[in-house]
Amino acid sequence: MAKTVAMAKRVGFGQRRRVGVATGVLILAFSLFASMAAVPQTATMLPPKTLQETGLYSDSETLQINPQHLSFAPQYPLWSDGATKRRWISLPPGAAIDGSDPDAWIFPVGTRLWKEFSFNGQKVETRYLERRTDGQWLYAAYAWSADGREAPLVGPRGKRGAYPLADGRSHTIPGVTDCKACHQGGPSEVLGFSTLQLSPERDPGAPHVELWPDPGVDLRYLVDRGLLVGLPQSLLDAPPRITATSADERAALGYMHGNCGHCHNEQGSLQNVGLFLRHSVRTAGQPAVASTVGYPVKKSAPGQSPDALLRVEPGQPDRSGLMQRVSSRYPALQMPPLGTELIDDEAVAVLYRWIANKDDHHKQAHLVPKGE
């Protein structure tokens, strides 16, 4: 039997609050896992036509989650316009995740993951990820009917207007291309189920912090049950956490890791931008600080204020390019560029405090013309 995952209860999200700047930081994604033996299912080439056919439920009529599935909650969840999420994962019989590279876990063929999105208690969509026999990942999304009984497959282009949000905006179920834009931006296509995200050293100040669902899936839980192999012992003896100078900095860097780092990292297609927001548990140092604090904006985005010369200007959040981008939902300026229609007020508040209280110990030599 395979291993699987049950439900994660989300704890509040911030109310809307706009920062008085020219409008504006960054993106990211999704994932899951299990402990008891789960129902075997071979990897498929095409996604099932309904969510019920993916094997998530033990009873497709009552929509009872298979009790063999394990639920989990990443410590730095992806912001999705205030959606409440539940996550599950299933491994094929006798299989385990290879954690030899703690920054890029390798999931066995047949791994299945689900993430359910609800707004105001109404299920809107469930996303599905499965590793096929050819080693590639299959992406699919299912849209829930208004009565919450049926969830048919959404077309590869996604579905706009899936649920009304504030200010006349609406939640969009992403297409396959949009999903891949985030999930294929780093060393692993599984997001949110990783060494840092499942560390027992959880950040209590993380934006949109979620409660651990029972039985509390973390690194030790997975290793003890043979679901994760090869993880360096040092990461069990001293569980990883983001090194920071303050609680706000730890939360800010964690938010950027979970919401932006899957695209902005040292290995993905955006590496030439030089913005590295994905935290590594293998290397020392803090690339997210080095590539933002005192670092010049390479090219101003439309709508960005002319005084935003640095990505992060210590003590000056209103003049920081990163702050302006995360505080905006103007399409040409906003970050993340996908997956969100509303400003993430809780994250904005954390980033604002971090930048406002950041010591200006970085020399701004970048701004001094050559020869002076």
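Accessible areas here come from the Shrake-Rupley method with a 1.4 Å probe. On that basis, the chain of this predicted model exposes about 15700 Å², of which carbon and sulfur atoms supply 52%. Of its 372 residues, 55% count as buried. The chain has seven helices and 11 strands.

**Helix α4**

Helix α4 spans residues 247-259 and has 13 residues. From its first C-alpha to its last it reaches 18 Å, close to the 18 Å expected at 1.5 Å a residue. This helix is mostly covered, with 11 of its 13 residues buried. The buried residues are E249, R250, A251, A252, L253, G254, Y255, M256, H257, G258 and N259. Their cover includes three other helices, namely α5 (287-290), α6 (321-326) and α7 (345-356).

**Helix α1**

In helix α1, which comprises residues 176-183, the residues C179, C182 and H183 are buried. Seen down the axis of α1, its buried residues fall within an arc of 90 degrees, so they line one face of the helix. This agrees with a general rule: an α-helix has 3.6 residues a turn, so residues three or four places apart point the same way. Strand β8 (137-143) is included in what covers the buried residues of α1.

**Backbone features in the loops**

Two peptide bonds that lead into a proline are cis. One runs from D214 to P215, with omega near 15 degrees; P215 has its place in the loop between α1 and α2 (219-224). The other joins M335 and P336, with omega about 0 degrees. P336 is found in the loop between α6 and α7, and both of these helices contribute to the cover of α4.

Positive phi values occur at D81 and at D167, neither of which is a glycine. The table sets out their values and places.

| Residue | Phi | Loop | Relative accessibility |
|---|---|---|---|
| D81 | near 60 degrees | between β3 (70-71) and β4 (84-90) | 6% |
| D167 | about 55 degrees | between β9 (159-164) and β10 (170-173) | 54% |

A residue is buried under 20% relative accessible area and exposed over 50%. D81, at 6% relative accessibility, therefore counts as buried, whereas D167, at 54%, counts as exposed.

Technical notes. Residues are numbered from 1 along each chain as its sequence is written. This is a predicted model: local features need pLDDT of at least 70, side-chain atom pairs count only at pLDDT 80 or more; totals for chains, interfaces and linings use all residues. Side-chain values use heavy atoms; hydrogens and water are left out. Helices (H or I, at least four residues) and strands (E, at least two) are DSSP runs, numbered from the N terminus. The expected span of a helix is 1.5 Å times one less than its number of residues. Buried means under 20% relative accessible area, exposed over 50%, partly exposed in between (1.4 Å probe, protein chains only). Contact means heavy atoms within 4.5 Å. The arc is that of the directions from the helix axis to the C-beta atoms.
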